[in-house]
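Q: I would like to learn how to read a ligand site and the cysteines in a model. Where should I start?

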Amino acid sequence: MKKLFIIANWKSNKTTNEAYQWITEFESKINPGNNSDKEVIICPSFISLPSLKAYILQKDLPYKLGAQDISPFTKGAHTGEVNAEQIAETGEYALIGHSERRKELGENDFLIQDKVARAIEAALVPILCVQGVDTPIPQGVPIVAYEPIFAIGTGNPDTPEDAENVASEIKKSNPFVEFVLYGGSVTPEDVKSFTSLPSVNGVLVGGASLDVEKFVQIIENA
Ligand code: PGA
C-alpha cells in the first residue's frame, strides 16, 4: 500500500490554548492503529509548536509537526524571523511557498529557493507548495503539494483527473520529487477521490483541518 501524507495547515488560526484543546480532542477521537500507513502532520502557528510537541511526546503519539513557513536566513540579525534550526527543535517538516504567502507577502521563486536550502541544511523536510506544473521546484525537494489557487478555501476543488495529470507531470519532470500531494477544498467527502489516484500521495488540508471531527474523517476516509 502506498504511503499517504495527511497534512493540517491551520494557517493563521488558533491560539496556543485552542491548539492544545484541538490536540486533546483529536487524540480522543482518532484510532492511530487504523491509520498506521498514514503520516499525519500538523502545521500550527509557530507559537503553538512547542506545546503540541510536548503533548505528543508526553502521550507518545505518532503524529508529526511542521511549520507553515521558515526564514530564508540562518540565525542572526533578522528581526522577526523564525529560522530552520529553531523549528527543527519541534518540527520535522516545513511548508514553503504557500500561494497565500506568494500573493500577500510577495514571496518569489528566489526567496523560496533560499527557504528550501535552509530547511534542507537543518534536516527539515521541505514541502513545497506549487500552483501548477509551471511553478519551479528547487533540486532536492522531496514533497510537493499541488494547490491550484481557484481551489483554495473556495469549496471548489480541482478535478481528480487534473490532480493526477499535474502530479504525474511533476514527478516526470522532477525525478527527485518522491511524493506529490493535492490541496484545495479537501473534505471528508472528496478526500478519497484524490488519495486513490496513482500519482497522488496525500492531501494538504486547510479549512477542514481546523475542525477535529472533519480532520479525523479525512484521515479515516483517505
Ligand atoms: P483549504 O486550504 O483546504 O482551506 O482549501 C488548503 C491550503 O491552502 O493549504
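A: Start with a polar contact to the ligand: an oxygen atom of the ligand is 2.7 Å from an N or O atom in the side chain of lysine 11. The model is a predicted one.

Q: Which other side chain has an N or O atom 2.7 Å from an oxygen atom of the ligand?

A: That of glutamate 147, where an N or O atom of the side chain lies 2.7 Å from a ligand oxygen. The backbone can take part as well: in serine 185, a backbone N or O atom is 2.7 Å from an oxygen atom of the ligand.

Q: How much of the ligand's accessible area does the protein cover?

A: On its own the ligand has 280 Å² of accessible area, and the protein covers 95% of this. The ligand takes up the space of the second largest pocket.

Q: Which residues around the ligand come nearest?

A: There are 13 residues around the ligand, and Lys11, His98, Glu147, Gly153 and Ser185 come nearest. Sorted by class, the shell has 4 nonpolar, 7 polar and 2 charged residues.

Q: Now the cysteines. How many disulfides does a search of the whole structure find?

A: The search finds 0 disulfides. A disulfide needs two cysteine sulfur atoms within 2.5 Å. For cysteine 43, the nearest cysteine sulfur is that of cysteine 129, 9.1 Å away, so cysteine 43 is in no disulfide. Cysteine 129 is in no disulfide either, its nearest cysteine sulfur being that of cysteine 43 at 9.1 Å.

Q: Is cysteine 43 buried or exposed?

A: Cysteine 43 is buried, with a relative accessible area of 0%. Cysteine 129 is buried too, with a relative accessible area of 0%.

Definitions and conventions: Residues are numbered from 1 along each chain as its sequence is written. This is a predicted model: local features need pLDDT of at least 70, side-chain atom pairs count only at pLDDT 80 or more; totals for chains, interfaces and linings use all residues. Side-chain values use heavy atoms; hydrogens and water are left out. A residue is near a molecule or strand if one of its heavy atoms lies within 4 Å of it. A polar contact is a pair of N or O atoms within 3.5 Å; within protein, one must be able to donate a hydrogen and the other to accept it, and residues adjacent in sequence count only if both atoms are side-chain atoms. Accessible areas come from the Shrake-Rupley method with a 1.4 Å probe; for residues, only the protein chains shown count as cover. On a 1 Å grid over the protein atoms alone, a cavity is a set of points where a 1.4 Å probe fits but cannot get out, and a pocket is an open set with protein on both sides within 12 Å along at least five of seven lines; lining residues have an atom within 4 Å of a point. A molecule sits in a cavity or pocket if more than half of its atoms lie within 2 Å of its grid points. Ala, Val, Leu, Ile, Met, Phe, Trp, Tyr, Cys and Pro count as nonpolar, Asp, Glu, Lys and Arg as charged, and the others, Gly among them, as polar. Buried means under 20% relative accessible area, exposed over 50%, partly exposed in between (1.4 Å probe, protein chains only).
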